[in-house]
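Colleague: I would like to learn how to read a protein model feature by feature, with the general idea first and the case at hand second. Could we go through it together?

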Amino acid sequence: MKYSEISHFSHSQHKLKFEYSEVPFKCDGCKEVGIGSRYKCSTCDFDLHMHCALPSPSISHPFYTKCSFQFLSRPPGDKPRFCNACEKDVTGFVYHCNLCGYDLHPCCAKLPMVLDDGEVKLYLYRKVSSSCHKCGRKGRSWSYRSSCKKYNLHVACVKEMLVENWYELYFGRGNKMSGGRKLETRIPSLKNTLQTHHKNKSKGKVRKCCDIAGLAVQFVISAVLGDPTTLIAGVIGSLMSRG
């Protein structure tokens, strides 16, 4: 359910208003990157993913049938923790299972099991045996795989692509703007990452294959950023083409 305005425990001084952004933002709840739908306090430049603004008190997940994940505003304990979906550090809001000790970022916990835009259908797997289009490795984190089984992308690799391209957005050198943030719309380019498995293929087949894979990547990126919609995937596609 979507509300135009909400009160949130993490930002009690002002109400947060729903808005739609085509510019990447950093969620002040889970500390991860987002795009698209969000709740924002313009006065304080405070942003929350939809999943962080309106969390479920507890959730289950088909990959962990014996687990019950509870929503926490901070990671439990004093030791560093990582998300079991994307392998990235957990530094803010998290879904945690006390029984198994598993952790999931809110957006990772809510990743759709199927992404389907009518042309490309992608299924979320806990593990796959085929190599990833980005890193070329097998196994590792959760992955989205196409129904034809030709395209596979680790959720962890998508996160790394985002960090590589947007590191300077929040932690960069010499990028100073009001509020300490630099607006950036560069989406990861995959021009050099989709060619590794194209030996002995004609240029036309390579181009077609990479076009389809690129479309798949747009939807995976949009899902990881917390807004798995056709509209935001189109925005990401246009940003990718500028690179």
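Modeller: Let us begin with a sorting rule, since we shall need it for the wall of a cavity: Ala, Val, Leu, Ile, Met, Phe, Trp, Tyr, Cys and Pro count as nonpolar, Asp, Glu, Lys and Arg as charged, and the others, Gly among them, as polar. Please keep in mind throughout that this is a predicted model.

Colleague: With that rule in hand, how do the residues lining the second largest cavity divide?

Modeller: The lining of the second largest cavity is made up of C30, E32, V33, H49, H105, C107, C108, K159 and V224, and these residues divide into five nonpolar, two polar and two charged. The volume of this second largest cavity is about 30 Å³, and the count of cavities of 30 Å³ or more comes to two.

Colleague: Before we look at single residues, what does the secondary structure of the protein chain come to?

Modeller: The protein chain has five helices and twelve strands. Of its 243 residues, 49% count as buried, and among the contacts between residues at least 6 apart in sequence, 47% join residues at least 24 apart.

Colleague: Now take one residue, N152: is it buried or exposed?

Modeller: The idea is to compare the relative accessible area with a cut-off, and buried means under 20%. N152, which sits in strand β12 (residues 152-154), counts as buried because its relative accessibility is 3%.

Colleague: Which backbone oxygens lie by the polar side-chain atoms of N152, and at what distances?

Modeller: For a polar contact one looks for a pair of N or O atoms within 3.5 Å. A polar atom of the N152 side chain lies 3.3 Å from the backbone oxygen of S130, and the backbone oxygen of S131 is 3.4 Å from a polar atom of that side chain. Leaving out residues up to four places away in sequence, N152 touches V128, S130, S131, C132, H133, S143, Y144 and R145.

Colleague: Let me try a histidine next; where is H96 found, and which side chain does the side chain of H96 meet in a polar contact?

Modeller: H96 is found in strand β7, and its relative accessibility of 6% is the reason it counts as buried. The side chain of H96 makes a polar contact with the side chain of D103 at 2.7 Å, and it also reaches the backbone oxygen of Y102 at 3.4 Å. Neighbours within four places in sequence aside, the residues in contact with H96 include S68, F69, Q70, G101, Y102 and D103. Distance along the chain and distance in space can also be set side by side: H96 and P75 are 21 residues apart in sequence, with their C-alpha atoms 7.9 Å apart.

Colleague: How many aromatic pairs does a search of the whole structure find, and how would I read one of them?

Modeller: The search finds eight aromatic pairs. To read a pair, take the distance between ring centres and the angle between planes, where an angle over 60 degrees counts as edge-to-face. The ring centres of Y64 and F69 are 5.9 Å apart and their planes stand at 70°, so this pair is edge-to-face. Y64 is buried at a relative accessible area of 5%, and F69 is buried at 0%. Another edge-to-face pair is that of F71 and Y95, with 5.5 Å from centre to centre and 65° between the planes. Because F71 lies in strand β6 (residues 64-72) and Y95 in strand β7 (residues 94-96), this pair ties together parts that are 24 residues apart in sequence. F71 counts as buried at 16% relative accessibility, and Y95 is buried at 0%.

Colleague: Which residues do ring pairs link into a cluster?

Modeller: The cluster consists of F63, Y64, F69, Y102 and W142.

Colleague: Finally, what is the phi of K31, and where is K31 found?

Modeller: Here one looks at the sign of the backbone angle. Phi of K31 is near 70°, a positive value in a residue other than glycine, and K31 is found in the loop between β2 (16-26) and β3 (33-41). With a relative accessible area of 35%, K31 is partly exposed. E87 also has a phi near 70°, a positive value in a residue other than glycine; E87 is placed in the loop between β6 and β7, and at 36% relative accessibility E87 counts as partly exposed.

Note on methods. Residues numbered from 1 in each chain as written. Predicted model: local features only at pLDDT ≥ 70, side-chain atom pairs only at ≥ 80, totals over all residues. Heavy atoms only, no water. 1 Å grid on protein atoms, 1.4 Å probe; cavity = no way out; pocket = protein on both sides within 12 Å on 5 of 7 lines; lining within 4 Å. Points joined across faces, edges and corners; volume = space filled by probe spheres on them. Helix = DSSP H or I, 4+ residues; strand = E, 2+ residues; numbered from the N terminus. Buried < 20%, exposed > 50% of the residue type's maximum accessible area, 1.4 Å probe, protein only. Polar contact = N/O pair within 3.5 Å; in protein donor to acceptor, adjacent residues only side chain to side chain. Contact = heavy atoms within 4.5 Å. Phe/Tyr/Trp six-rings, centres within 6.5 Å; stacked < 30°, edge-to-face > 60°.
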